[in-house]
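The following exercises are to be worked with the sequence and coordinates at hand. Each task is followed by a stepwise solution.

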Amino acid sequence: MSYKTSNAEGHVDFINTYDLEPMAQQVIPKAAFGYIASGAEDTFTLRENIRAFNHKLIVPHTLCNVENPSTEIEFAGEKLSSPIIMAPVAAHKLANEQGEVATARGVHEFGSLYTTSSYSTVDLPEITEALQGTPHWFQFYFSKDDGINRHIMDRVKAEGYKAIVLTADATVGGNREVDKRNGFVFPVGMPIVEEYLQKVLENQWTLFTSQLNNACLHAM
Ligand SMILES: Cc1cc2nc3c(=O)[nH]c(=O)nc-3n(C[C@H](O)[C@H](O)[C@H](O)COP(=O)(O)O)c2cc1C
């Protein structure tokens with residue numbers, strides 16, 4: 001299926017991050033925008049999360065040295081330009097043709113930390129290249145099959161990933177009403193998911209052929 005989304009590139013003028021949402025809505029196809037911007041059920045929890053976050057208050061420091069103010073922190077052994085890091089987010093190609101490559105470049109410029117989603121629409125080596133040495137973690141869905149877990153772990157270790165972000169709340173998918181109304185299905189390929197599935201098929205095939213061999217031996 002061919003999916004057309006924005007290929008826009010360049011400076012974006014905004015004053016508040018809330019300004020970005022209507023701008024994105026103008027360039028991202030409706031169902032994809034719905035997936036990115038909405039949440040489960042009638043989005044009550046999404047609204048409650050925003051409300052709760054807005055009640056986290058900053059404790060002001062006064063009468064201290066402000067000659068060289070800095071948002072830099074050291075976190076998990078990494079020096080970061082600010083405490084804001086990139087959470088795992090699926091399928092960046094829904095928003096822009098460059099997908100995770102553009103996000104990784106942005107995180108590199110910002111000097112923060114990037115988390116690669118297992119649902120990335122770009123494969124690991126391209127993301128690593130775009131990160132140019134920026135610290136990166138990998139979001140991981142634990143499989144019942146240890147062989148698959150080991151295979152993915154080996155790949156991400158080889159790509160310089162320092163930590164695993166384990167997703168523990170996705171045993172069942174959310175009942176996403178906006179996605180149902182828009183008939184949303186992922187329209188872009190996901191190389192890491194495809195690799196998981198390929199491994200599952202290979203393992204099933206190995207199991208099937210060994211069962212077949214056993215059956216033949218017993219029949220002889
Ligand atoms: C569009 C979208 C895609 C997401 N994709 C993933 C994902 O692939 N893997 C994952 O573990 N979490 C995923 N998340 C969850 C985020 O990483 C994060 O935990 C969640 O949005 C809560 O943080 P927030 O309140 O800042 O949005 C996704 C969230 C959004 C909004």
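**Exercise 1: a helix and its two sides**

Just after helix α5, Q132 takes a positive phi of about 45°. Helices (H or I, at least four residues) and strands (E, at least two) are DSSP runs, numbered from the N terminus. The model is predicted: local features need pLDDT of at least 70, side-chain atom pairs count only at pLDDT 80 or more, and totals for chains, interfaces and linings use all residues. Residues are numbered from 1 along each chain as its sequence is written.

Task: Determine which residues of α5 (residues 124–131) are buried.

Solution.
1. A residue is buried if 20 or more other C-beta atoms lie within 10 Å of its own, and exposed if 12 or fewer do, with C-beta atoms placed from the backbone.
2. By this criterion L124, I127, T128, A130 and L131 are buried. They lie on the same side of α5, because they cover an arc of only 165° around the axis (taken from the directions from the helix axis to the C-beta atoms).
3. P125 and E129, on the other side of α5, are exposed.
4. The buried residues pack against α4 (100–110), β3 (114–116), β4 and α6 (contact: C-beta atoms, placed from the backbone, within 7 Å).

**Exercise 2: two strands**

Task: State in which sense β4 and β5 pair, and over how many bridges.

Solution.
1. Strands pair if DSSP finds at least two bridges between them.
2. β4 (residues 136–140) and β5 (residues 163–166) are parallel, with four bridges.
3. Within this pairing, W137 stands opposite A163 of β5.

How values were computed
Two residues are in contact if their C-beta atoms, placed from the backbone, lie within 7 Å.
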